[in-house]
Amino acid sequence: MNFLSIREMERPEIAKLLRSAASLKKDSLSGKKLPAFPDKTVGLLFFEDSTRTRVGFEMAARRLGIGFTSFGVKGSSMSKGESLKDTVLTLKNEGVDGLVIRHEAAGAPNVAARFFDGPVINAGDGMHEHPTQALADATTILEHRKKLDGLVVSIVGDVMHSRVARSNIWLLSKMGATVRLVAPRTLMPPYKELIPAEFHYSLKTGLDGADVVMTLRMQMERMENGLISSLGEYASMYQVNSGTLRYAKPDALVMHPGPVNRGLELDDLTVDGKQSVINEQVENGVYVRMAIFNAVFASKAKKKS
Ligand code: NCD
């Protein structure tokens, strides 16, 4: 079993993973016995920079007794020109049981899955998907709201370049939430008719009555010149701050997948404010990654017996 994208999942599968993450969290916090996979080792392949996702997977592996080996291009033979395929084949022949991959190219984890026998987990591929982030976000929302069904979630910012937005659009819409995308035209994704979301170009109408305000990082490293006239102008029109947050419901949750550019997507007061659940998103990232490891390794164990 691989875990490559939310788009290809059905609502019951997503709901099951969310339930599993919640119960692993409960069991971890109450000191109950957790599932353990001491005979498993995963390769954590981070070909793009990462703090919370990489550490999230490492902590999840540690808590379930899974061994791991972590590396990126710099520390591996990929810096000598070795291809992704040959890297994956090397790890397979060395007996690694599963792969977690972050890569700048959309579809890289799918390519890896063609050459690897065990489970492959997508930790963010280019502008495509970041499925574990969407699960962490949904888990966080569900801790504050009974269900996702019927909520209005406004996703604000650089939607075009954001894999976090893509996974969240699929997850939230499949679970019955209304998704609004709020951005300047140049940062909206193309092929609108294929995206299950509303498009808003003004922050005021985009946030109007929203239950959740999910802000996104400006992905400067993926941006061509000329998409926005200046960061200052972007902030003046789209920053979520104590003034603009008033457009949303008074108790709206404020989210951001991190890393935050303080003063750009959000002002300091809002990042650290009462409505912010940003630290909870990070914490829940560990539990959803435990749920994924548990799902991929437990299903394999069952098949063998
Ligand atoms: C995101 C990513 O790398 O896609 N970060 C994360 O994993 N929490 C978002 C981002 O970098 O903007």
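Here are three short exercises on the aromatic rings of this structure, each with a worked solution.

This is a predicted model, in which local features need pLDDT of at least 70 and side-chain atom pairs count only at pLDDT 80 or more, while totals for chains, interfaces and linings use all residues. Residues are numbered from 1 along each chain as its sequence is written, and side-chain values use heavy atoms, with hydrogens and water left out.

**Exercise 1.** Classify the ring pair of Tyr-234 and Tyr-238.

*Solution.* Let's start with the rule: rings of Phe, Tyr and Trp (its six-membered ring) pair if their centres lie within 6.5 Å, and planes under 30 degrees apart count as stacked, over 60 as edge-to-face and the rest as tilted. By this rule there are four aromatic pairs. For Tyr-234 and Tyr-238 the centres are 5.5 Å apart and the planes are at 20°, so this pair is stacked.

Next, look at accessibility, where buried means under 20% relative accessible area, exposed over 50% and partly exposed in between (1.4 Å probe, protein chains only). Tyr-234 has 4% and is buried; Tyr-238, at 4%, is buried too.

**Exercise 2.** Do the matching analysis for Phe-293 and Phe-297.

*Solution.* The centres are 6.4 Å apart with 15° between the planes, and the pair is stacked. Now check burial: Phe-293 is buried at 0% relative accessible area, and Phe-297 is buried at 2%. Finally, widen the view: Phe-293 and Phe-297 form one aromatic cluster with Phe-37 and Phe-57.

**Exercise 3.** Which residue lies over the face of Phe-57?

*Solution.* A charge sits over a ring if NZ of Lys or CZ of Arg is within 6 Å of the ring centre and within 35 degrees of the ring normal. Arg-289 lies over the face of Phe-57, 5.0 Å from the ring centre.
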